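This report describes a protein structure for a reader who has the sequence and the model at hand. Please keep both in view while reading.

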Amino acid sequence: MSNLFVDRSLEEVQFWGCIMKEHALFLRLGFTVDQSKLIQEASHFHTLFESIEERAASFTDNAEREHIVRLNMETYQATSHLWAFKRKVLELILSCKIITNNYPLFVDHASREAAYFMNRLEQLNKGILEPLPDAVINENVFFLRLMSDHAKFISHLLDPSERNLITEAADFSYQLDQLLFQAVDLEAMRPASQTSQVLRRLIEESRLMVQSLHDFKRTIKEMIEECRLRSVIHPLLADHMLREAHRFLDLLDRFEASLTAGPND
Ligand SMILES: [Fe+2]
Ligand SMILES: [Fe+2]
């Protein structure tokens with residue numbers, strides 16, 4: 001039990017800690033040269049999450065529970081500060097006080113991921129280690145929205161001359177939005193919609209869709225690496241979005257396993 005807590009905590013901190021570090025980098029790269037104060041703040045977060053990631057990597061499976069509880073708490077604090085920074089940047093953008101090269105939706109998206117991570121850390125320290133069947137619909141709503149945003153980012157960061165790929169990305173965005181709203185409908189139909197049949201179908205449909213988005217993202221990433229793509233997509237951003245799709249697929253597997261372990265209908 002204690003080991004599972006350590007395992008899950010280290011896994012979450014390493015995955016999302018790295019994601020937070022990269023968000024700090026993307027924010028920093030998006031600021032213009034005169035925005036030195038914001039660049040400094042973003043750099044500070046980059047260093048902070050780099051050290052969190054290193055700290056998490058230094059623990060083993062037999063680490064003391066209290067040490068991991070503390071790691072989770074400190075990571076929570078750091079993430080809450082990064083969340084506040086992202087919201088501040090979003091406010092500066094929307095009130096036209098600054099111009100950055102990051103879309104407002106990107107900044108909002110990154111802050112949603114920070115809030116999700118904070119929630120996960122809180123759950124872990126409360127002893128909630130595995131996704132609850134209750135959470136299947138919520139998590140699908142959350143992740144499908146992220147995936148749909150990614151499709152939009154890709155479509156808007158491609159060079160206008162990449163006509164076919166832009167259409168393909170926009171099509172993913174449309175289909176993911178449809179699936180997202182289907183999950184939102186199921187959210188409204190709770191608790192009646194929480195039968196294992198309904199949840200299984202949701203998991204299956206999400207998996208099919210996200211698997212093909214994942215493959216599309218991999219193609220984009222490879223094209224960038226081979227210098228075959230015209231875009232302003234940072235290579236690390238392409239990889240970042242691919243890893244997040246992978247994370248969602250892993251989570252869908254866990255949900256499916258939890259439904260098989262204990263049907264809740
Ligand atoms: Fe992200
Ligand atoms: Fe994302």
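How are the donor residues of the iron ion (ligand 1) spaced in sequence? The spacing is H-x89-E-x126-H-x3-E. The model discussed here is a predicted one.

## The site of the iron ion (ligand 1)

The iron ion (ligand 1) has as its protein donors H23 and H240, each through NE2, together with E113 and E244, each through OE. These donors lie 2.1 to 2.3 Å from the ion. The angles among the four donor atoms run from 82 to 157°, and the site is irregular. Four donors would count as tetrahedral if all angles lay between 85 and 135 degrees.

H23 belongs to helix α1 (residues 2-30) and H240 to helix α8 (residues 235-261), so this pair of histidines ties together parts that are 217 residues apart in sequence. H23 is buried, with a relative accessible area of 1%. H240 is buried as well, at 3%.

## The site of the iron ion (ligand 2)

Which residues are the protein donors of the iron ion (ligand 2)? They are H109 and H150, each through NE2, and E113 and E244, each through OE, at 2.0 to 2.3 Å from the ion. Along the sequence, the donor residues follow the spacing H-x3-E-x36-H-x93-E. The site of the iron ion (ligand 2) is irregular, with angles of 83 to 164° among its four donor atoms.

H109 and E113 are four residues apart in helix α4 (residues 104-125), so about one helical turn separates them. With a relative accessibility of 1%, H109 counts as buried. E113 also counts as buried, at 0%.

## Two ions and a shared donor

How many ångströms apart are the iron ion (ligand 1) and the iron ion (ligand 2)? The two ions are 3.2 Å apart, and E113 coordinates both. E244 likewise appears among the donors of the iron ion (ligand 1) and among those of the iron ion (ligand 2).

## The surroundings of H150 and D149

H150 lies in helix α5 (residues 136-157). Is this residue buried or exposed? Its relative accessibility is 1%, so H150 counts as buried. The side chain of H150 is joined to that of K217 by a polar contact of 2.8 Å. Apart from neighbours within four places in sequence, the residues in contact with H150 are H109, E113, K217, M241 and E244. Of these contacts, H109, E113 and E244 are also donors of the iron ion (ligand 2).

D149 is placed in helix α5 too. D149 is buried, with a relative accessible area of 5%. A polar contact of 3.0 Å links the side chains of D149 and R112. When neighbours within four places in sequence are left aside, D149 is in contact with L105, H109 and R112.

## A110 in helix α4

A110 is found in helix α4, and at 1% relative accessibility this alanine counts as buried. Not counting residues up to four places away in sequence, A110 touches H23 and K86. H23 is one of the donors of the iron ion (ligand 1). The C-alpha atoms of A110 and E12 are separated by 16 Å, and these two residues are 98 residues apart along the chain.

## L236 in helix α8

L236 is found in helix α8. At 26% relative accessibility, L236 counts as partly exposed, whereas H240 is buried. L236 touches E22, L25, F26 and R243, with residues up to four places away in sequence not counted.

L236 and S193 are 43 residues apart in sequence. In space, their C-alpha atoms are 38 Å apart.

## The largest pocket

The largest pocket holds about 240 Å³ of space. Its lining is formed by F26, L29, G30, N101, N102, Y103, F106, F153, L157, V232, H234 and L237. The elements that give two or more residues to this lining are α1 and α5.

Which element gives the largest share of the lining of the largest pocket? Helix α1 does, with three residues. F26, one of the lining residues, is also among the residues that L236 touches.

Notes:
Residues numbered from 1 in each chain as written. Chains lettered and ligands numbered in written order. Predicted model: local features only at pLDDT ≥ 70, side-chain atom pairs only at ≥ 80, totals over all residues. Heavy atoms only, no water. Donors = N, O, S within 2.8 Å, 3.2 Å for Na, K, Ca; no water. Tetrahedral: all angles 85-135°; square planar, octahedral: opposite > 155°, others 65-115°. Buried < 20%, exposed > 50% of the residue type's maximum accessible area, 1.4 Å probe, protein only. Polar contact = N/O pair within 3.5 Å; in protein donor to acceptor, adjacent residues only side chain to side chain. Contact = heavy atoms within 4.5 Å. 1 Å grid on protein atoms, 1.4 Å probe; cavity = no way out; pocket = protein on both sides within 12 Å on 5 of 7 lines; lining within 4 Å. Points joined across faces, edges and corners; volume = space filled by probe spheres on them.
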